[in-house]
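Hi,

Here is the structure I promised to send over. Have a look at it first, and then read on for my notes.

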Amino acid sequence: MAKILAIESSCDETSVAIIEDGNLLSNIVSSQIDVHAKYGGVMPEIASRLHCENIGFVIKEALEKANVELKDIDAFAVTRGPGLIGALHVGMQAAKTLAMLYDKPLIPVHHLAGHIYANEFVDEFTFPMLAVVVSGGNTELVLMKDHLEFEIISSTRDDAVGESFDKVARCLGLPYPGGVVIDRLSKEGKHTYDLPIPLKGEDTLDFSYSGLKTSVINLVHKYEQNGEQINVNDMAKSFQDVAIGQILDRVKKTCERYEIKEVILAGGVSANSYLREEMKKLMEKIGIKLVIPPLWCTTDNAAMIAKVGEKLYQRKVFAPLDVSIDPNWEIQDYMKF
């Protein structure tokens with residue numbers, strides 16, 4: 001039974017987890033959300049600096065909670081990408097240093113693979129499986145025919161769904177992160193604004209959010225110029241219906257075209273309550289198993305990196321100590337470093 005220490009620092013959470021034979025011994029997360037909220041979004045340079053300040057404390061706390069020492073660790077896993085360049089470097093340098101000092105394997109992990117495998121804290125996977133990866137930086141449908149076999153069959157042509165939520169929220173004068181606020185306000189609103197459905201009429205599995213986001217911004221500006229006010233709750237509801245509706249439509253089409261036995265949600269937007277409710281209804285209707293990650297797994301954390309780290313450790317997928325981060329790493333290339 002191997003003990004693996006995993007480090008996640010791809011954006012604005014510094015996290016360290018320790019796992020042994022599938023059992024999560026600790027998962028410490030130091031969030032920077034309150035700091036970045038002042039700026040309406042993540043400031044890369046500030047994020048990197050805070051990771052540098054926090055990484056040592058988080059490692060220490062993870063070890064204490066797991067009641068293990070660094071000499072007991074069998075391998076060090078770390079997020080290699082995708083993510084913010086400076087933020088990724090902090091985690092990578094920490095992991096490389098520990099791997100060198102204790103002469104243990106270094107395991108680079110793909111961030112999105114981590115989000116996908118967070119669902120294994122709920123249930124074992126059933127293949128062929130469709131992973132619906134929705135976050136601030138990614139909107140992808142990933143087909144998996146077996147463990148660690150990733151095939152991107154659909155992605156966004158422009159903005160990611162989570163990015164569009166944040167930008168629409170900012171336009172409406174709502175705080176960061178915008179997705180949480182829009183989800184909450186939409187429960188009090190009605191779908192009264194006529195917003196365009198992206199890629200309507202196209203037979204495609206692709207996503208697009210730029211036009212939808214721009215339509216909301218233009219409509220808000222139009223109202224302001226006319227001295228009128230947007231009903232924020234109604235706009236939140238109207239926007240969310242269209243944004244999430246696009247995901248539901250693409251998932252339904254994909255399940256019809258492929259022999260999917262299970263669908264899982266992954267990424268920050270998987271915390272969206274409307275997406276969760278509507279996805280349950282859709283999967284019940286078409287008779288496909290659905291796995292939804294617990295809320296603590298929807299935000300960035302090292303537990304999900306540790307999960308993938310275990311799979312890679314079993315296959316002896318180790319990297320040399322001169323490996324570097326890759327902010328644009330594709331999930332299909334998770335073994336290429």
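Below is what I found, starting with the sheet and moving on to helix packing and aromatic pairs. Bear in mind that this is a predicted model.

The sheet first. It is open and has 5 strands in the order E3-E2-E1-E4-E5, with mixed pairing. At the edges sit E3 (23-31) and E5 (106-110), each of which pairs on one side only. From one strand to the next the twist averages 20 degrees. If you zoom in on E2 (residues 13-20) and E3, you'll see that they run antiparallel and are joined by 8 bridges. One spot to click on there is Ser 15, which stands opposite Val 29 in E3.

Two helices are worth viewing together with that sheet. H2 (residues 44-66) packs on it and touches E1 (3-8), E2 and E3, with its direction at about 25 degrees to that of E2. H10 (residues 302-314) lies across E1, E2, E3, E4 (75-81) and E5, and runs at about 130 degrees to E1.

Next, a helix pair. H5 (residues 161-171) and H7 (residues 210-225) pack with their axes 10 Å apart and at an angle of about 5 degrees. Anything under 35 degrees counts as roughly parallel, so that is what H5 is to H7. On the H5 side the contact is made by Ser 164, Lys 167, Val 168 and Cys 171, and on the H7 side by Lys 213, Val 216, Ile 217 and Val 220. Sorted by type, the residues of this contact are 5 nonpolar, 1 polar and 2 charged.

Finally, the aromatics. The count comes to 7 aromatic pairs, and I'd pick out two. Phe 121 and Trp 296 form a tilted pair, 5.4 Å centre to centre with 55 degrees between the planes. This pair links distant parts of the chain, 175 residues apart: Phe 121 is in the loop between H4 (111-117) and E6 (129-134), while Trp 296 is in the loop between E10 (289-291) and H10. Phe 121 is partly exposed, at 25% relative accessible area, and Trp 296 is also partly exposed, at 39%.

The other pair is Phe 165 with Phe 239: their ring centres are 4.9 Å apart and their planes are at 70 degrees, so the pair is edge-to-face. Here too distant parts of the chain are linked, with Phe 165 in H5 and Phe 239 in H8 (residues 232-257), 74 residues apart. Both Phe 165 and Phe 239 are buried. There is also one aromatic cluster formed by Tyr 117, Phe 125 and Phe 127.

Cheers

Notes: Residues are numbered from 1 along each chain as its sequence is written. This is a predicted model: local features need pLDDT of at least 70, side-chain atom pairs count only at pLDDT 80 or more; totals for chains, interfaces and linings use all residues. Side-chain values use heavy atoms; hydrogens and water are left out. Axes are lines fitted to C-alpha atoms, for helices over the stretch in contact, and angles run from 0 to 180 degrees between N-to-C directions. Helices (H or I, at least four residues) and strands (E, at least two) are DSSP runs, numbered from the N terminus. Angles under 35 degrees count as roughly parallel, over 145 as roughly antiparallel, 65 to 115 as roughly perpendicular and the rest as oblique. Contact means heavy atoms within 4.5 Å. Ala, Val, Leu, Ile, Met, Phe, Trp, Tyr, Cys and Pro count as nonpolar, Asp, Glu, Lys and Arg as charged, and the others, Gly among them, as polar. Two strands pair if DSSP finds at least two bridges between them. Rings of Phe, Tyr and Trp (its six-membered ring) pair if their centres lie within 6.5 Å; planes under 30 degrees apart count as stacked, over 60 as edge-to-face and the rest as tilted. Buried means under 20% relative accessible area, exposed over 50%, partly exposed in between (1.4 Å probe, protein chains only).
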